[in-house]
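The following exercises are to be worked with the sequence and the model at hand. Each task is followed by a solution in steps.

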Amino acid sequence: EWREINIPLPILNPQTLNCLKAGALYIHGRCKDLTPILVANMGVVGRLFEKDQICAESFVQLHNLLANYITANMLVPGQVDRWIILGDASQFSLLKLPIGIFKQANREMTNNYLENSHKFLVVNMTWFQSSLLKTF
């Protein structure tokens, strides 16, 4: 009941549909222990942000749509009750980092899906990106 009041059902508007078609965020399948995998392609998000084809609200709506789908159709209470978020950093420029999108998406995930998010892994980082990440 709380979720229905505080998290409205996501609307698949043209901007969110464009993000979905471009592959900014998608469900990859399951890992070895049957945990669902949600992939965030940061390179696609960066390109869409450069062209003003994505905003923070549409990215969060897309995340809510996929998170609700995973919760309703891919989780088994008591057995598989979490998912993994995989961030693909290939073709991602740090100079064009859309900080607002990631901050708002992080806030949404922390407030509404904290109990379901099992891991957040970033893959395909360059040497420079990984060395910057290690400094924080």
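**Exercise 1.** In this predicted model, determine which backbone atom a side-chain oxygen of N41 approaches at the start of α3.

*Solution.* Step 1: Locate N41 at the start of helix α3. Step 2: Follow its side-chain oxygen, which comes to within 3.3 Å of the backbone nitrogen of G43. Step 3: Continue along the helix, which spans residues 42–50. Its buried residues are M42, G43, V44, V45, G46 and L48. Step 4: Pass beyond the end of the helix, where D52 adopts a positive phi of about 55°.

**Exercise 2.** Determine how helices α2 and α4 are oriented relative to each other.

*Solution.* Step 1: Identify the two helices, α2 with residues 14–22 and α4 with residues 56–73. Step 2: Take the angle at which they pack, about 65°, and the separation of their axes, 9 Å. Step 3: Since angles of 65 to 115 degrees count as roughly perpendicular, α2 is therefore roughly perpendicular to α4. Step 4: Add the handedness: the crossing of α2 and α4 is right-handed.

**Exercise 3.** State which residues of α2 and α4 meet, and how they divide by character.

*Solution.* Step 1: On the side of α2, list Q15, T16, C19 and L20. Step 2: On the side of α4, list their partners S58, Q61 and L62. Step 3: Sort the residues of this contact, which gives three nonpolar, four polar and no charged.

**Exercise 4.** Is T16 buried or exposed, and with which side chain does its own side chain make a polar contact?

*Solution.* Step 1: Place T16 in helix α2. Step 2: Read its relative accessibility, 1%. Because buried means under 20%, T16 counts as buried. Step 3: Examine its side chain, which forms a polar contact of 3.1 Å with the side chain of Q61. Step 4: Set aside the neighbours within four places in sequence; T16 is then in contact with I11, S58, Q61 and L62.

**Exercise 5.** Classify A22 by its accessibility and name its contacts beyond its neighbours within four places in sequence.

*Solution.* Step 1: Place A22 in helix α2. Step 2: Read its relative accessibility, 36%. Because this value falls between the limits of 20% and 50%, A22 counts as partly exposed. Step 3: With those neighbours left aside, A22 is in contact with V44 and L48; both of these residues are buried in helix α3. Step 4: Compare positions in sequence and in space: A22 and V45 are 23 residues apart along the chain, and their C-alpha atoms are separated by 8.8 Å.

Definitions and conventions. Residues are numbered from 1 along each chain as its sequence is written. This is a predicted model: local features need pLDDT of at least 70, side-chain atom pairs count only at pLDDT 80 or more; totals for chains, interfaces and linings use all residues. Side-chain values use heavy atoms; hydrogens and water are left out. Buried means under 20% relative accessible area, exposed over 50%, partly exposed in between (1.4 Å probe, protein chains only). Helices (H or I, at least four residues) and strands (E, at least two) are DSSP runs, numbered from the N terminus. A polar contact is a pair of N or O atoms within 3.5 Å; within protein, one must be able to donate a hydrogen and the other to accept it, and residues adjacent in sequence count only if both atoms are side-chain atoms. Axes are lines fitted to C-alpha atoms, for helices over the stretch in contact, and angles run from 0 to 180 degrees between N-to-C directions. Angles under 35 degrees count as roughly parallel, over 145 as roughly antiparallel, 65 to 115 as roughly perpendicular and the rest as oblique. A crossing is left-handed if the near helix is turned anticlockwise from the far one by less than a right angle, and right-handed if clockwise. Contact means heavy atoms within 4.5 Å. Ala, Val, Leu, Ile, Met, Phe, Trp, Tyr, Cys and Pro count as nonpolar, Asp, Glu, Lys and Arg as charged, and the others, Gly among them, as polar.
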